[in-house]
Every structure is written in C-alpha cells, then in structure tokens.
Amino acid sequence: KINIIPTYIDISSFKPIKTNKEQSRLIVIGRLSKEKNIKSLIKAVKTLDLVVDIYGEGPLKENLSKLAETVGVKINFMKKVSNSKLPTILNHYQYYVICSLAEGTPKTLLEAMACGLVCIGTNVTGINEILSHKKNGFLAKTTSDKDIKAALHEAMSYSDKQAISTQAIR
C-alpha cells in the first residue's frame, strides 16, 4: 500500500508582503548538517559584504560558528521557527540561499519563491528541477564556494530582479 503525501505551499500565507527588504542579508532555512553545505556558503560570502541569517538547528552549529568567526563572516544563528511565522520572516529578505549537496523537494525554496524572494541555489537534483537560471532564480554551477559566490554576485547585480521575483511567484 502506498500513501502519497503531497508537498504544497499555502499561497494564502506564503505570498509577497510589502516590507523593507534586507539588501545585504541572506536567509537560509534548514538543518545545520553536512548535506546542506553551509560551510561552502560561509566561504563564498567571506569577501562579500553580506550577513547570513540561518533559521534552523543541527549538529554542525558550533563548527559553522567557528568557521564564520575564523574567516570573518557575520552569521546569525536563529532558532527554528514554526511554519506559520515563516511568511513574515521571509518577506523581510530579498535573497534566499539553498546550497545543498542534494535535495528532494526543498519546501523552503518553494516557500521563498512564493514570497517573491530572489533565490540562489546549487545546481543539484531537487533544486535544479525548480530553479531555472536567470528565469526564476539563479543556479551556482556546482556546490563549490567559488561557484556559490559567483551565483550570489550575479543575482545581486542582476538588473531585473523584479522579473525573477515575478517568475518565482508563478
């Protein structure tokens, strides 16, 4: 017997809300574990003037905190929050990053897109099935810090972020 449990986004909650968007902050939502590749993200932003806010918990928090301090990256580890609070939180950011080594169906990516954030992800199965480079988001060529940095730079300097946001919502 097979039960199918659909993944869906409640677009009555996850939608754009007019707020002042953080231009120099990135939001990451997820477990602090190896497969989420946060280490490469930290290395990618070390020469960019960005702050990384991570919502989630996990076994690598202390290691990631030490790495961020060592390379001089400002990182805020936020507690895990309920799904009902995420739309408000997401709408305070312009950029969402998912730099996983692999994904299934990344619900937080879909939620960020529904809120109209400019999403940057790694070109891995699961993410690249949702994000199309320069259409509804940006894809790093690989999971390396160099390629994540290039994708971040490209997304932040892209001239028509509104078109990316509109396509992400669709």
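This report walks through the strands, salt bridges, backbone angles and surface charges of a predicted model.

## Strands 1, 4 and 5

A good place to start is strand 4, which spans residues 93-98. Six of its six residues are buried, so the strand counts as mostly covered. Strand 4 has a parallel partner in strand 1 (residues 22-29), and three bridges hold that pairing. If you would like an anchor point for finding the register in your viewer, look for Glu-22, whose bridge partner in strand 4 is Tyr-93.

Strand 4 also runs parallel to strand 5 (residues 118-122), to which four bridges join it. Two pairs give the register here: Tyr-95 stands opposite Val-118, and Tyr-96 stands opposite Cys-119. Strand 5 is mostly covered as well, with five of its five residues buried.

Which way do the residues of strand 5 point? Val-118, Ile-120 and Thr-122 point one way, while Cys-119 and Gly-121 point the other way. As a rule, side chains in a regular strand alternate between the two faces of the sheet. In strand 5, the residues pointing either way are all buried.

## Salt bridges across the chain

How many salt bridges does a search of the whole structure find? The search finds five, and three of them are described here. The general idea is a familiar one: side chains of opposite charge can pair when their charged atoms come close.

Arg-25 forms a salt bridge with Asp-53, and the closest N and O atoms are 2.9 Å apart. This pair links distant parts of the chain, as Arg-25 belongs to strand 1 and Asp-53 to strand 2 (residues 51-55), 28 residues apart. The two ends differ in cover: Arg-25 has a relative accessibility of 23% and therefore counts as partly exposed, whereas Asp-53, at 1%, counts as buried.

Next comes Lys-36, which forms a salt bridge with Glu-103 at 2.6 Å between the closest N and O atoms. Lys-36 sits in the loop between strand 1 and helix 1, and Glu-103 in the loop between strand 4 and helix 4 (107-114), so this salt bridge ties together parts that are 67 residues apart in sequence. Both Lys-36 and Glu-103 are buried.

The third pair is Glu-154 with Lys-134, where the closest N and O atoms are 3.5 Å apart. Here the link runs from helix 5 (residues 145-157), which holds Glu-154, to the loop between strand 5 and strand 6 (138-140), which holds Lys-134; the two residues are 20 apart in the chain. Glu-154 is partly exposed, with a relative accessible area of 25%. Lys-134 is also partly exposed, at 41%.

## Two positive phi angles

Most residues other than glycine have a negative phi. Two residues are worth a look with that in mind. Asn-37 is not a glycine, yet it has a positive phi of about 60 degrees. Asn-37 lies in the loop between strand 1 and helix 1. Is Asn-37 buried or exposed? Its relative accessibility is 9%, so Asn-37 counts as buried.

The other is Lys-134, which we have just met as a salt-bridge partner of Glu-154. Lys-134 likewise has a positive phi of about 60 degrees without being a glycine. Its place is in the loop between strand 5 and strand 6.

## Lysines at the surface

Where does positive charge gather on the surface? A positive patch is formed by Lys-34, Lys-39, Lys-43, Lys-46 and Lys-149. One of these, Lys-43, is found in helix 1 (residues 38-45). Lys-43 has a relative accessible area of 32%, so it counts as partly exposed. Patches draw on residues with over 30% relative accessible area, so Lys-43 meets that cut-off.

One more lysine rounds off the tour. Lys-141 is in the loop between strand 6 and helix 5, and it counts as exposed because its relative accessibility is 70%. If you trace from Lys-141 to Val-124, you cover 17 residues in sequence, while their C-alpha atoms are 8.9 Å apart in space.

Notes
Residues numbered from 1 in each chain as written. Predicted model: local features only at pLDDT ≥ 70, side-chain atom pairs only at ≥ 80, totals over all residues. Heavy atoms only, no water. Patch = residues over 30% accessible without salt bridge, like charges linked within 9 Å, V, L, I, M, F, W, Y side chains within 5 Å. Areas by Shrake-Rupley, 256 points an atom, 1.4 Å probe, with all protein chains shown as cover. Salt bridge = Lys/Arg side-chain N within 4 Å of Asp/Glu carboxyl O. Lys, Arg positive; Asp, Glu negative; His and termini not counted. Charge placed at Lys NZ, Arg CZ, Asp CG, Glu CD. Buried < 20%, exposed > 50% of the residue type's maximum accessible area, 1.4 Å probe, protein only. Pairing = 2+ DSSP bridges.
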